[in-house]
Amino acid sequence: MKKICIIYTGGTIGMVPTDQGYAPEAGSFASALAGIDDLSAPGMPAWDLIEFDPLLDSSNIAVDQWNQIGRVIRDNYDSYDGFMVLHGTDTMAYTASALSFMLEGLDKPVILTGSQIPLCRLRSDARDNLITSILIAGDGKAHEVCLYFGGRLIRGNRATKASADGLIAFDSPNYPLLAEAGIDIRYNKRVLGGLSAGEFHLAEFRETSIGVIKVFPGIQFQLFEPIMTEGLNGIVLETFGTGNIPNYDDALLPMIKRAFDNGTIVVVCSQCPQGTVRLGAYEVSAALTRAGAVSGFNMTTEAAVAKLYYLFSKGYNRDRVKVEMEEDLRGELTL
């Protein structure tokens, strides 16, 4: 029988009603799981639960918590056939992207899921997300970090939260779904990642100064000049379309050039959920390349941020970070 490790970090899925609204309560989720007969039905993998203390609101999850989740997987890697991470939805796509880079040489399923409605509620989506994620983790067909939600299995570093209140809360705008769960779980074998050739290793992240700037009509770039110091390691620039920027005040390009000279890596992503950055397709985007920016191609902002954390945490110099930001390391971008 396959055995799965469930890592409960917190989030809506396990919250209970309180006088101040829904909140996590230590121990209550374990009791709720014990009351779901399907989790011990024939055909279900065996499972153990590891509950974080304290439980986390996903809005508060950052580098330390990513490392904490990674350590749990590392320390239990040889004891289980797969892992499921229960997580709040707000930053789940960031955590999925981070884990995809941190877990080097991964050859077991790591499935992130949660819910929009707490498990204790009558109409909760938690039950299906929970049961199906355990089955996928036990199937062993996805040898990578994935996110399962609302009947869809998504590569972790391709996921982005698309709805704050819909039950299909996540989307994969630039990569096909890895599987869809209807009457059966139908895997798309063509796009699933293969077995890793390397040995499993946890590459912990370190605190790194990373920023995100979203371009909008009328943006005053000079307001961002104070952050463009030698202490800023990387910045993700969310541009229009295929990488276009306004050039009405001639402020952005000198700012990017100064950032580049300071050692900051500037990664250009698109605000459009679908499509890819093509620096040089238009004159306004070609100027970004001349200023030292690199293309994020069709990476999500979540993946670009996580990848910067990963590469800087590896201790690589600026030139290597620039090169690897434009390479496909974990299926996060399409060249």
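This is a short walk through the pockets, one cavity, the helices around it and a few single residues of a predicted model.

Hi everyone, thanks for coming. Please keep in mind throughout that we are looking at a predicted model.

Let me start with the open spaces. The largest pocket holds about 300 Å³ of space. Its lining is made up of 17 residues, and those nearest the centre are Thr160, Ser270, Gln271, Pro273 and Thr301. If you sort that lining by class, you get six nonpolar, eight polar and three charged residues.

The second largest pocket has about 250 Å³. There are 17 residues around this one, with Ser100, Leu106, His143, Glu144 and Arg330 nearest the centre. The class split here is four nonpolar, nine polar and four charged.

Two of those names, Glu144 and Arg330, bring me to Arg155, because they turn up again among the residues that Arg155 touches, so let us go there next. Arg155 sits in strand S9, which runs over residues 152–155. Is this arginine buried or exposed? Its relative accessibility is 6%, so Arg155 counts as buried. What does its side chain meet? There is a polar contact, at 3.3 Å, with the side chain of Tyr175. Beyond its close sequence neighbours, up to four places away, Arg155 also touches Val145, Cys146, Leu178, Val191, Leu192, Gly193 and Gly331, among others.

Now for the closed space. How many cavities of 30 Å³ or more are there? The count is one, and the space inside comes to about 30 Å³. Around this cavity you will find Ile213, Met228, Ile235, Leu237, Leu252, Met255, Ile256 and Val266. Strand S16 and helix H5 are the elements that each contribute two or more residues to that lining. H5 has the largest share, with three residues. As for class, the lining is eight nonpolar, no polar and no charged residues.

That makes H5 worth a look of its own. The helix covers residues 252–261, and its buried residues are Leu252, Met255, Ile256, Ala259 and Phe260. Why do these five belong on the same side of H5? They span an arc of only 140° around the axis, and that places them on one side of the helix. As a reminder, an α-helix has 3.6 residues a turn, so residues three or four places apart point the same way.

What covers that buried side? The cover includes strands S16 (234–239) and S17 (265–270), together with helices H6 (283–290) and H8 (318–325). After H5 comes Gly263, with a positive phi near 100°.

H6 tells the story from the other direction. Its buried residues are Ser285, Ala286, Ala287 and Leu288, and they pack against S16, H5 and S17. H6, too, is followed by a glycine with positive phi: Gly292, near 110°.

Let me turn to the loop between strand S18 (294–295) and helix H7 (301–313), which is where Asn298 is placed. With a relative accessibility of 8%, Asn298 counts as buried. The side chains of Asn298 and Arg158 are joined by a polar contact of 3.4 Å. Leaving out residues up to four places away, Asn298 touches Arg158, Asn174, Gly275, Thr276, Glu332, Leu333 and Thr334.

Phe297 lies in that loop between S18 and H7 as well. Its backbone is worth a pause: phi is positive, about 50°, although Phe297 is not a glycine. Most residues other than glycine have a negative phi, and most peptide bonds are trans.

On the subject of peptide bonds, the one from Asp53 to Pro54 is cis, with omega near 5°. You will find Pro54 in strand S4, residues 46–56.

My last stop is Gly70, in helix H2, which covers residues 63–75. Its relative accessibility is 0%, so Gly70 counts as buried. Setting aside neighbours within four places, Gly70 is in contact with Leu99 and Leu202. For a sense of scale, Gly70 and Arg318 stand 248 residues apart in sequence, with 26 Å between their C-alpha atoms.

That is my tour. If you remember one thing, let it be H5, which supplies the largest share of the cavity lining and keeps its buried residues on one side. Happy to take questions.

Key: Residues numbered from 1 in each chain as written. Predicted model: local features only at pLDDT ≥ 70, side-chain atom pairs only at ≥ 80, totals over all residues. Heavy atoms only, no water. Helix = DSSP H or I, 4+ residues; strand = E, 2+ residues; numbered from the N terminus. Buried < 20%, exposed > 50% of the residue type's maximum accessible area, 1.4 Å probe, protein only. Polar contact = N/O pair within 3.5 Å; in protein donor to acceptor, adjacent residues only side chain to side chain. Contact = heavy atoms within 4.5 Å. 1 Å grid on protein atoms, 1.4 Å probe; cavity = no way out; pocket = protein on both sides within 12 Å on 5 of 7 lines; lining within 4 Å. Points joined across faces, edges and corners; volume = space filled by probe spheres on them. Nonpolar A, V, L, I, M, F, W, Y, C, P; charged D, E, K, R; others polar. Arc of directions from axis to C-beta.
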